[in-house]
Amino acid sequence: MTRKQRRLTMIAAALTVLGIALGLVLVAMRDNIVFFYSPAEIAQKDIKPGTRMRLGGLVKTGSVERGADRLVSFVVSDGAGEVRVRYTGLLPDLFREGQGIVAEGVLEDVRSFRADSVLAKHDETYMPREVADALKKQGHWQNEKQGDSK
Amino acid sequence: MIVETGHYALVLAFALCLVQMVVPLWGSLTGDRTLMAVAAPVSLMQFALVALSFAALTYAYLVSDFSVLNVIENSHSQKPLIYKISGVWGNHEGSMLLWVLTLSLFGALVALRAKRMPEDLAATALSIQSWVLGAFLLFILLTSNPFARVGAPPMEGRDLNPLLQDPGLAIHPPLLYLGYVGLSITFSFAAAALIHGRIDAQWARWVRPWTLIAWMFLTIGISMGSYWAYYTLGWGGFWFWDPVENASLMPWLAATALLHSALVMEKRDALKIWTILLAILAFSLSLLGAFLVRSGVLTSVHSFANDPDRGVFILAILVFFIGGSLSLFAFRVQSLKQGGIFAPISREGALVFNNLLLTTSCATVLVGTLYPLALEAATGAKISVGPPFFNLTFVPLFVPLFLAIPIGQLLAWKRGDILGAVQRLTFAVGMAVVAGLILAFARGEPVLSVLFAGLAVYVIVGAFIETWGRVIAGGYSPVLMWRRAIGLPLSQWGSAIAHAGAGVTLFGLAATGWGVERIVGMKPGDNVNLGPYIVTLEDVERRKGPNYVETAAHMTIREGGVVVGKLDPSRKFYAHRSMTTTDAGLRTIELGQVHIVIPEQNSDGSLDVRLYWKPYVTLIWIGSIIMFLGGGFSLADRRLRVGYARRPREPKVQTAPAPAE
């Protein structure tokens, strides 16, 4: 096998692997990517019921209701809009009223959301960045301790 | 006073960097040996100064000096001693100090061994290392001074984030940094080689041990971090494809590829361009990781509270070093001559295949990590790329890699016999099928777990086929076999052990499919079935710790009526930060673990309990320790061998390619 043939073999192998990887990435991108919206954006952008998405905002104080079998329902608000979230399961350690959360699930209609997970991702100041940005966008940002609010 | 000394030592270290950035480099370009001789002692002094500075900050933590802002923000006088120490690197400023300490440590280690390499290469590499060190020292001095004082010291500190008060934090970052930052020395060598245009098998022989050290610590650091997440975060998972985890995985993948391509370069003088490029990329990915964690572009439990200036500064460092090294690379690449020829089916071919899959999988992780950031910057849309994405892209690339590992180990250099290799693997395949059948009977669904466990057994057994063949080459007499076994090069054992370790980890990952998860409300006296066990909640206790209040559940695990273990999962409430953490109860039974957390106490007094039974889960981390040991064996061998490469100051040093391992 000559040097040239060898090089061609290698390039062909590299292109094959890269092609497969690219295909996988594109397929995975199509099916496994979830958009994030705040309650106000759901109304503004006219998100269709049945869409899988992430919802973020503050848990409205006094809105948490607990039912049987770990059913929890609470209102997520970004100041300009509100959505009621229903969730069955255990809430993360950092879940509390007035705090920011991100829930992933399916939008049932403009005002209600069925979550299959409630996330506690946060930085040291306990505010999910997506939520902080959404609140700033709606003009309801007050937490001055937040590092990146400057 | 001591605190100011620490700050001053950092400034001095930076001044030494300025000297080191120019003098040895100039010396190596003009051939002035006096100037080159500056490099080694200055590197040692830099290390001493940075170590002094680190010691000063540690001292401030130990005596709870609350006139130092960093100590106020991250410590508390009541905190246990170990967390006072680990608190030093549990925050942005202190962890940067650990980062530069590691940078200067590697510089010093190279300086100590500089006599074994050509003077100009060592001097230039140390000079480049000082460029990196200087950039990060400047970053600390300008944006993240850990020694800043406050005018009116408070009586008490704000305490370390409770999530970080854990033995895992005490060891995970230093190990990880040894890995991350260890890649800087490979980078410095690559840049030095490009500057001098001396890129040959000899270069690979000097650089491979450093890559190996970095790789070993990166392996163990990532693995300890994953174990820490597994038992402290209370989510029962050990890998979340979190961007910060990805930031450590990418350099690991690149370093793994680099180890293998440097082997080809060392033995066969081939793949030179590729190896140099990988050395640059591996450290670039480390820098990218530093940027992602510290710039505030992402949210993660790992990220530090951020300041946009720091992000811009690190981005500038990133652009300077990646851009600079790649320009140098582009400038030199024409002059590189390709070396040894090999057939596609050969040891080299197998290693190329390994590199192809490792770098491609690294690229998919990069895409999955950066795409959301890029999309947000471009369109403002926020998306999340979660585990499904990575499972779909990363896993299919790793399956062929694992299939190829044992085959590659059996191929000869230059031209291999793939049919012969496959034949020699009959035993490994047989073992895999037997193990798969046993597991299919014993554990059943899911099919994927059975298949992956079988693949793991094939990798583990296959890893030792070559070694075994050599051990029995002189016959089956135990004495003879023992003699041959200890006569084999340590690196041969190292390679077999490290690959088997990868198989062991794969087995642990495969077995996650057999796990059981239950979420139930329990009152004292209640029982719950968990896989083969019955778990009883005995009682619930409230107790007070040094800086928290704790609710602990006492639970007993029984198997067929016999007590096999007791567990006390708990929730801790830290008043200083009004924050709750969950301490999982963990009980290792054989190779599996029972993992119990109590996320909530209901109003009726019952506890919500989340229970997992994870068979073989410990293998995930045991495998990484085996990989680490394998690396150690290989390193021990190398140290003996570096001796005969000692031929400084000869432009065309070329030893005959060593015989195949």
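## A walk through chain B, starting at G494(B)

G494(B) counts as buried because 22 C-beta neighbours lie inside 10 Å. For this purpose a residue is buried if 20 or more other C-beta atoms lie within 10 Å of its own, exposed if 12 or fewer, and partly exposed in between, with C-beta atoms placed from the backbone. This is a predicted model, in which local features need pLDDT of at least 70 and side-chain atom pairs count only at pLDDT 80 or more, while totals for chains, interfaces and linings use all residues. Residues are numbered from 1 along each chain as its sequence is written, and chains are lettered from A and ligands numbered from 1 in the order in which they are written.

G494(B) sits in helix α20 (residues 490-510) of chain B. Helices (H or I, at least four residues) and strands (E, at least two) are DSSP runs, numbered from the N terminus. Which residues does G494(B) touch, not counting residues up to four places away in sequence? They are G630(B), G631(B), F633(B), S634(B) and D637(B); a contact here means C-beta atoms, placed from the backbone, within 7 Å. L137(B), by comparison, is 357 residues from G494(B) in sequence and 37 Å from it in space, C-alpha to C-alpha.

Now for the chain as a whole. Chain B has 21 helices and eleven strands, and buried residues make up 51% of its 661 residues. Its radius of gyration, taken over C-alpha atoms, is 26 Å. That agrees with a compact globule of 661 residues, which would have a value near 26 Å; the rule is 2.2 Å times the number of residues to the power 0.38. The C-alpha trace spans about 80 × 75 × 60 Å along its principal axes. Of the contacts between residues at least 6 apart in sequence, 75% join residues at least 24 apart.

The domain assignment, whose bounds come from an automatic or database source, divides chain B into domain 1 (1-165), domain 2 (170-334 + 347-413), domain 3 (425-514 + 630-643) and domain 4 (516-614). The C-alpha centres of domain 2 and domain 4 of chain B are 38 Å apart.

The largest nonpolar core holds 178 residues, and those with the most contacts inside it are V100(B), F136(B), A254(B), A255(B), A282(B), A453(B) and A456(B). Such a core is a set of buried Ala, Val, Leu, Ile, Met, Phe, Trp, Tyr and Cys residues joined through C-beta atoms within 7 Å. Helix α9 (residues 201-232) of chain B gives this core its largest share, 19 residues. Beyond its neighbours within four places in sequence, F136(B) is in contact with M96(B), W99(B), V100(B) and L103(B).

Two residues other than glycine have a positive phi, as tabulated here.

| Residue | Phi | Loop in chain B | C-beta neighbours inside 10 Å |
|---|---|---|---|
| S64(B) | near 50° | between α3 (39-62) and α4 (69-74) | 17, partly exposed |
| K414(B) | near 70° | between α14 (387-410) and α15 (418-424) | 17, partly exposed |

Another backbone feature is the cis peptide bond from E445(B) to P446(B), with omega near -10°. P446(B) lies in the loop between α16 (426-442) and α17 (447-463) of chain B.

Finally, strands β3 (residues 527-530) and β4 (residues 533-544) of chain B run antiparallel and are joined by four bridges; strands pair if DSSP finds at least two bridges between them. N529(B) stands opposite I534(B) in β4(B). Two residues separate β3(B) and β4(B) in this hairpin, and G531(B) in the turn has a positive phi of about 55°.

Methods. Contact = placed C-beta atoms within 7 Å.
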